[in-house]
Amino acid sequence: QVQLVESGGGLVQAGGSLRLSCAASGRTFSNLGWFRQAPGKERESVAAINWSGDTSYYADSVKGRFTISRDNAKNTMYLQMNSLKPEDTAVYYCNTVRSVRFPLHPHQPWGQGTQVTVSS
């Protein structure tokens with residue numbers, strides 16, 4: 001089993017940037033994905049990256065603004081979020097996924113996530 005801890009969220013103005021981190025322990029050579037859940041909405045897939053880091057996919061809503069990456073030596077995955085919009089406000093979660101193609105299917109129990117709030 002893999003343990004995952006998200007960090008890096010915060011409050012930012014529209015147009016700003018944040019970088020989220022997902023620290024993994026355990027069996028870490030897995031495909032990984034980012035998810036988010038806004039208040040009153042279902043959790044949605046944001047981006048995913050394969051175990052070697054050379055293949056990634058994005059939701060249409062974040063394509064061109066967000067970049068997913070990973071550093072296997074540090075057992076950490078990142079989500080660089082640029083040109084943030086108020087609609088990006090959500091709790092962001094990471095998880096292992098079976099495939100990096102959408103729709104993503106998470107494997108592990110959900111962690112606490114990290115809150116991202118974008119003010120207009």
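Mentor: A salt bridge is a side-chain nitrogen of Lys or Arg within 4 Å of a carboxyl oxygen of Asp or Glu. This is a predicted model. In it, Glu 44 and Arg 36 form such a bridge, with their closest N and O atoms 2.6 Å apart.

Trainee: How many salt bridges does a search of the whole structure find?

Mentor: Four. One of them joins the side chains of Arg 36 and Asp 88, at 2.9 Å from N to O. That pair links distant parts of the chain. Arg 36 sits in strand 4, Asp 88 in the loop between strand 8 and strand 9, and 52 residues separate them.

Trainee: Is Asp 88 buried or exposed?

Mentor: Buried means under 20% relative accessible area. Asp 88 has 1%, so it is buried. Arg 36 is buried too, at 5%. Glu 44 is partly exposed, at 35%.

Trainee: Which residues are joined into one network by salt bridges that share partners?

Mentor: Arg 36, Glu 44, Arg 65 and Asp 88. Another salt bridge pairs Asp 60 with Lys 63, at 3.0 Å between the closest N and O atoms. Asp 60 counts as exposed, at 66% relative accessibility.

Trainee: Now the sheet. What is the order of its strands?

Mentor: Strands of a sheet pair through backbone hydrogen bonds, either parallel or antiparallel. Here six strands form an open sheet, ordered 2-10-9-4-5-6, with mixed pairing. Strand 2 and strand 6 are the edges, each pairing on one side only.

Trainee: How many bridges join strand 5 to strand 6?

Mentor: Three, and the two strands run antiparallel. Ala 48, for example, has Tyr 57 in strand 6 as its bridge partner.

Definitions and conventions:
Residues are numbered from 1 along each chain as its sequence is written. This is a predicted model: local features need pLDDT of at least 70, side-chain atom pairs count only at pLDDT 80 or more; totals for chains, interfaces and linings use all residues. Side-chain values use heavy atoms; hydrogens and water are left out. Two strands pair if DSSP finds at least two bridges between them. Helices (H or I, at least four residues) and strands (E, at least two) are DSSP runs, numbered from the N terminus. Buried means under 20% relative accessible area, exposed over 50%, partly exposed in between (1.4 Å probe, protein chains only).
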